[in-house]
Each structure stands twice: as structure tokens, then as C-alpha cells.
Amino acid sequence: MKLYDASTIDAAPWPDTEEGRKARGFLVPLFQRGPQALFGDRSTLRLLSVDDLLIPLSINDADQGNSYFFSLFARYITSQRAAIATLDWSPALASGASSALLGLGALLKATQIDRCIQVDNWPSLRNMAPPLGAGQIRRITDFLAARYPEHAIVFPALSPATHAPLLNRLKEEGYAFTYMSYTRMLLPYGVELSRKVRENRRRDARLLEASGYEVVDGRDMPGCAPRLAELYQMLNREKYRTNPPMSPAFFEACLRGEMVRLRLLVKDGRIDTFYGFMVKGDVLYSPAAGYDLARPQEVGLYRILNSLLMQEALERGIAIETGGGADGFKALRGDRPVPRYNAFYVRHLPSRRRLGWRLLQRLANDVLLKVTRGILRGIDEAVVGFDGIPETFAPPFMSPGESAERLRRDLDALEREVDAASALEGSALADRVSALTRSLEEWACPPRRAVALRQRLEGLSRRRDEEKRSRRASTRAQRATVARQLLEGATRLGDATVVVHHLGEISRQQLRALAEQLCKAGACTAVALAGTAGGTATLVAAATRGLVERGVEASQVLAQAAPAVEGSAEGGPEVAWADGSRPEGAAAALEAARRYLEARLGGAA
């Protein structure tokens with residue numbers, strides 16, 4: 001186990017992986033420039049090497065006026081007092097609560113609550129904690145307690161949605177817990193979405209199309225860091241005053257690194273909105289966002305920003321952690337609240353210092369958690385996991401990993417079905433493509449693989465349509481050939497052409513199409529055709545309008561012929577048909593039709 005500081009961090013054994021390169025790109029500038037340059041905070045940073053893991057530590061000795069990135073006092077006292085001003089409480093209640101927090105804060109300062117080591121503290125980032133084993137937790141705890149005997153040891157901001165196993169292992173190793181805050185989580189799959197939620201998402205997505213904004217990667221706009229810091233300040237320090245500061249240096253570091261990607265909304269060369277995002281495991285999180293509060297509200301910049309972040313996650317088939325705040329808006333887009341906890345170890349501290357942590361537990365677990373639960377229950381239909389510190393930590397609903405894995409599994413199955421459909425032809429292909437298309441249409445925000453599958457299905461649909469057109473053209477060509485052959489062997493009765501023929505195995509639709517085509521060959525044409533299909537006799541008769549006007553009707557032709565196959569005629573004077581149960585009578589039926597036509601048209605065949 002080894003510690004690295006700003007002067008030695010480059011020599012740390014960084015993994016030669018994508019994740020290792022991203023971590024190095026984020027942490028090295030933070031260590032070398034210091035948190036004050038990026039966030040205005042003061043803290044001693046160290047990098048702890050444990051087995052093949054590199055874990056950032058922030059070490060504080062006293063209250064230094066830091067933001068909640070580095071200060072528990074700021075998290076539980078300063079931020080909570082600022083949050084009270086945003087609640088719809090009476091002035092007396094708000095004033096009393098704020099005063100009580102101020103008094104408790106004095107006690108927490110007296111017990112040096114900020115004299116602690118925050119383990120795996122990535123300021124501005126979430127869900128970074130590695131899946132430490134019990135043995136690793138024990139070694140880290142023993143090492144830090146021996147190296148820093150006056151400091152509490154804290155694992156900050158752990159959510160049971162993403163780190164339930166780690167929370168349980170920490171508990172087994174003697175850690176206690178304080179409720180810290182809540183975040184919100186939107187899963188990519190396996191959650192029933194109401195019609196209202198789907199429609200809200202669709203409306204938000206359409207706003208960008210009508211806005212005239214272009215989404216640009218931050219790296220394509222050099223020198224944009226000061227503007228991003230300004231937009232962040234507007235939203236997070238002026239409108240909402242509970243969030244930590246972020247300097248242009250922070251955004252410059254993000255633009256140079258790979259951990260945080262920045263997207264800008266640009267119009268007429270002006271950046272009005274931006275959001276950053278990072279992906280850890282199966283969760284996407286936005287560490288920073290902002291927009292120009294001077295822009296008209298009807299433009300919907302916040303709705304656009306939220307929709308784009310959601311698409312970043314859902315198109316990847318992963319969950320998105322949307323953070324706390326704007327709960328009513330976010331609940332109408334389908335996300336759900338999740339608690340976050342600080343795990344702390346103070347067994348090595350003197351009793352006076354442990355008293356401060358017991359006070360903090362009372363505040364966090366008995367007061368803040370209760371208040372949060374009441375607020376959320378007035379907004380969300382289902383609030384799970386806010387009833388107290390659980391005996392065993394578990395995700396309050398399907399975990400992001402389970403949701404993403406189910407989506408991948410179902411997409412794998414769909415991919416196999418599309419592969420199988422590619423080998424089909426005709427009606428089997430048409431039926432399978434229709435069913436698979438319906439399955440994919442149920443996903444309102446499809447991940448990229450679903451988009452690719454849709455494109456493949458569109459290709460199969462085009463192939464199906466081409467095959468259908470080809471079959472129709474082939475059928476028409478065959479029908480034209482048969483019609484020509486039948487006309488060559490037709491009988492002339494005066495000025496009329498008479499076609500009487502048995503065509504063997506053929507459907508009624510084909511017989512009727514052929515009869516109608518034959519009638520187009522001349523103004524005075526009469527047709528009587530027979531065929532069989534599935535052990536049933538089919539008769540079709542047709543007559544041109546010129547013959548109908550002379551009293552030769554198709555229905556009368558079949559009235560003479562149908563009894564021979566034990567069928568009854570349907571249709572009208574120009575086209576009639578009959579199905580009969582005696583296919584062996586087809587020849588007799590055609591003979592009866594011939595005799596009738598000879599009698600009506602005069603003359604012998």
C-alpha cells in the first residue's frame with residue numbers, strides 16, 4: 001500500500017486501459033493544480049495504491065470554508081441552511097430550522113467533524129467507488145487509522161442502487177452510516193412507462209428540433225471554458241445557491257481529458273447551454289451543466305438539456321443518474337429517487353470526537369432523512385429506501401446493472417431473430433418482419449443497437465417488398481402467357497370469342513384475374529374456367545359488357561355449370577364464381593357452360 005502526492009502522482013502505476021487513462025487525465029491536473037484552482041476548495045490530496053486499484057483521498061484537518069465536495073460541515077449545515085430557503089415553509093419554521101442547524105453546526109465544529117479522510121473522493125463525480133472486497137476495506141482502514149490517527153475515515157456518497165455490496169461490506173467492517181442526500185435514477189429498460197411520461201419525453205425531444213440550436217462537442221470550440229464557467233455560475237450559484245463553485249480551470253481540464261465529455265448548444269455562434277457527462281459502469285452522470293438564464297423561458301433550455309442527457313444514456317442502453325432537485329419535473333419523465341449515504345469509521349478516535357459523529361447521525365438519519373421522505377412522497381408515486389438506515393443495503397428497485405443487462409439480453413435475442421428472419425422469404429418473411437418491428441417500436445428511446453436492428457429490419461422490409469413486386473410481375477407475365485395460349489385456342493361463335501378451359505390446380509383469385517384479363521382481349525368475349533384447390537372445384541365465368549348487353553351474363557353461365565360440382569353461383573353479370581365439393585364434376589360443368597354459350601350466341605363450336 002502506497003501514497004502518492006502531487007509531485008509523485010505521475011509515477012503511480014496507472015492501468016494501461018481506457019478507464020485508467022481517463023482517471024489519470026482527471027486526477028493528475030486536480031492534484032497538480034490543487035482543488036482551489038478548480039473548485040475554490042482547500043484540501044490535501046493523496047492517491048492510495050491498493051493491489052491494482054488507485055483510490056484518491058482528500059484529507060482535511062479543520063473547517064476551511066470548503067464546499068461539500070470536501071467538507072461534511074458544508075454538506076450537512078451550510079448546504080442544508082441554503083436549501084431551507086428554497087422550501088415552501090413558513091418564515092417562522094424556516095428561521096427556527098436554520099437557527100437549529102446553526103447551533104448544531106457549532107457543536108460539530110467543536111468536535112472537528114471536518115477532520116477526516118474522504119476515501120475515493122472524486123470531486124464533482126459520482127459512482128466511482130470500486131467494488132472493494134472485505135479484506136481490502138480492512139487493510140485500507142487499518143492503514144489510514146495508523147497513518148492518520150486523528151482523522152475519521154469516510155467513504156462518501158454511496159448509493160445502494162450502484163454500490164449495495166460495498167455498503168454491506170463496509171458495515172461488516174465496522175463502518176456506520178449517515179444519510180447524505182438523494183439522487184434520482186432513470187433506468188434504460190424493464191420499467192413500465194406511463195403514456196404521460198412517454199409524451200413528456202417526446203415533447204422535450206421535439207423542442208431541440210424547433211429551437212435552432214446545434215449540439216457541438218466542446219473540443220470543437222477552443223476557448224469556451226470561461227463561457228461554460230459563466231453558464232454554470234448562473235444556474236448553480238445564482239439561481240440555485242446550494243451547489244459548489246467550478247472555475248474555468250475545471251472546464252479546461254475536462255476539455256483536455258477524457259473522463260468528462262462536454263456538449264454545447266450553439267446558436268449564431270453563441271453558447272447558451274452546455275452539459276457534461278461521464279459513464280461509469282452502467283450509469284451515466286452529469287457532473288456539471290448550465291444555461292443562460294437571460295434566454296426566454298419558452299425556449300425550454302432546461303427541458304432540452306435534460307432531454308439530451310437522457311438520450312445520451314438511453315441511446316447507450318444504460319441508466320442515468322439525474323441528481324436531486326426539480327423533482328416534479330423529473331418524476332414526470334420517469335426517474336425515481338434513490339438515497340445516498342456516507343459510511344464512516346471512528347472507532348480509533350477519542351470519545352469527544354465520536355460524540356460529534358453521533359450528533360451528525362441524529363441530524364442526518366432522524367431529521368434530514370425524514371424531511372426528505374416527506375418532500376418526495378408529495379411528488380413521487382413510489383418512494384422506496386427512505387425509511388431509515390437498512391439492516392442490509394439493497395437497490396430500492398431494479399439496479400442499473402440488472403436493467404442494462406436485461407436490455408442487452410433481449411437485444412441479443414432480437415438480433416438472433418433478425419438473423420433468422422433474414423433466411424425467410426415470402427409471407428413468412430413479411431409476418432416475421434412485422435412482428436419484430438412492433439417489438440422494437442415499443443422502445444421509446446432505443447439504444448444504438450436497437451437503431452441498428454431497426455435499420456436491418458427496414459432492409460428486410462425493402463427486400464420483402466421487392467420480392468412481392470417480383471412475384472407480382474412474374475405472376476402477371478405467367479398469366480399473360482396463359483391468356484395468350486387460351487386465346488390462340490379459343491372458339492369463335494359469330495363475332496364472339498369463347499374460352500372454355502380446365503386449368504388444373506389453381507386458386508380462385510388466379511382464375512378470376514385470368515378471366516378478367518381474357519375479357520380485355522376483345523369487346524365480345526365470354527370465359528368459363530375451372531380449377532381445383534385443396535380438393536375443391538372452383539368455377540369462374542366472365543363476360544364483356546358487349547355480351548351482357550346481348551343477354552349473355554356470367555352468373556347465368558355458372559347457373560348452368562355449378563350443379564355439376566354441387567356448388568352455387570355468386571357474383572354478377574360480368575364476373576361470377578362458384579366453389580363445389582365435387583372436383584370430378586368440373587369437366588361436366590365446363591361442358592354445360594359451353595352448351596349454354598353456344599345456344600345463346602348461336603352456332604356450333
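Select Phe274 to begin: in this predicted model, Phe274 is buried, with a relative accessible area of 0%. Keep Phe274 on display and add Phe251, which is likewise buried at a relative accessible area of 0%. A pair of aromatic rings is described by the distance of the centres and the angle of the planes. For Phe251 and Phe274 the centres are 5.4 Å apart and the planes stand at 90°, which makes the pair edge-to-face. Now colour helix H9 (residues 248-256), where Phe251 lies, and strand S9, where Phe274 lies; because the two rings belong to these two elements, the pair ties together parts that are 23 residues apart in sequence.

Which other residues join Phe251 and Phe274 in one aromatic cluster? Add Phe39, Tyr68, Phe69, Tyr232 and Phe250 to the selection, and the cluster is on the screen. In the whole model, the count of aromatic pairs comes to 16.

From the cluster, turn to Tyr68 and select Arg75, which lies over the face of the Tyr68 ring at 3.8 Å from its centre. A second arrangement of this kind can be found by selecting Phe73 together with Lys109, since Lys109 lies over the face of Phe73, at 4.8 Å from the ring centre.

**Two loops**

Next, go to the loop between strand S8 (261-267) and strand S9 (270-280), and pick out Asp268 there. The phi of Asp268 is near 55°, a positive value in a residue other than glycine. Is Asp268 buried or exposed? Its relative accessibility is 74%, and because the cut-off for exposed is over 50%, Asp268 counts as exposed.

Then move to the loop between strand S4 (116-119) and helix H5 (134-147), where Asn127 is found. Asn127 is not a glycine either, and its phi is also positive, at about 60°. Here the surroundings can be set against those of Asp268: Asn127 is buried, with a relative accessible area of 11%, whereas Asp268 is exposed.

**A stop at helix H11**

Select helix H11 (residues 327-331) and, within it, Phe329. With a relative accessibility of 18%, Phe329 counts as buried, because the cut-off for buried is under 20%. Which residues does Phe329 touch, if those up to four places away in sequence are not counted? Show Asp204, Tyr302, Arg303 and Asn306, and the contacts of Phe329 come into view. It is also worth drawing a distance from Phe329 to Ile379, C-alpha to C-alpha: the two are 50 residues apart in sequence and 9.5 Å apart in space.

**The six-stranded sheet**

Now select the strands of the open sheet, whose six members follow the order S14-S15-S16-S17-S19-S18 with mixed pairing. At the edges are strand S14 (491-493) and strand S18 (570-571), each of which pairs on one side only. Follow S18 to strand S19 (residues 575-580), with which S18 pairs in the antiparallel sense over two bridges; on this border Glu570 stands opposite Trp577 in S19.

Helix H16 (residues 508-519) packs on the sheet, where it touches S15, S16, strand S17 (536-543) and S19, and its direction makes about 165° with that of S16. Add helix H15 (residues 448-488) as well, which lies across strand S15 (496-505) and strand S16 (525-533) and runs at about 125° to S15.

Within the sheet, look closely at S17, where seven of the eight residues are buried. S17 runs antiparallel to S16, with eight bridges joining them, and one place to check is Val527, whose bridge partner in S17 is Ala542. The hairpin of S16 and S17 has two residues between the strands, and Gly534 takes a positive phi near 65° there. S17 also runs antiparallel to S19, with six bridges between them; here Ala541 has Ala576 in S19 as its bridge partner.

**The whole protein**

Finally, show everything: the protein has 19 helices and 19 strands. Along its principal axes, the C-alpha trace spans about 125 × 55 × 50 Å. The radius of gyration is 39 Å, while a compact globule of 605 residues would have one near 25 Å. Of the 605 residues, 51% count as buried. Among contacts between residues at least 6 apart in sequence, 71% join residues at least 24 apart.

Key. Residues are numbered from 1 along each chain as its sequence is written. This is a predicted model: local features need pLDDT of at least 70, side-chain atom pairs count only at pLDDT 80 or more; totals for chains, interfaces and linings use all residues. Side-chain values use heavy atoms; hydrogens and water are left out. Helices (H or I, at least four residues) and strands (E, at least two) are DSSP runs, numbered from the N terminus. Buried means under 20% relative accessible area, exposed over 50%, partly exposed in between (1.4 Å probe, protein chains only). Two strands pair if DSSP finds at least two bridges between them. Contact means heavy atoms within 4.5 Å. Axes are lines fitted to C-alpha atoms, for helices over the stretch in contact, and angles run from 0 to 180 degrees between N-to-C directions. Rings of Phe, Tyr and Trp (its six-membered ring) pair if their centres lie within 6.5 Å; planes under 30 degrees apart count as stacked, over 60 as edge-to-face and the rest as tilted. A charge sits over a ring if NZ of Lys or CZ of Arg is within 6 Å of the ring centre and within 35 degrees of the ring normal. The radius of gyration is taken over C-alpha atoms; the globule rule is 2.2 Å times the number of residues to the power 0.38.
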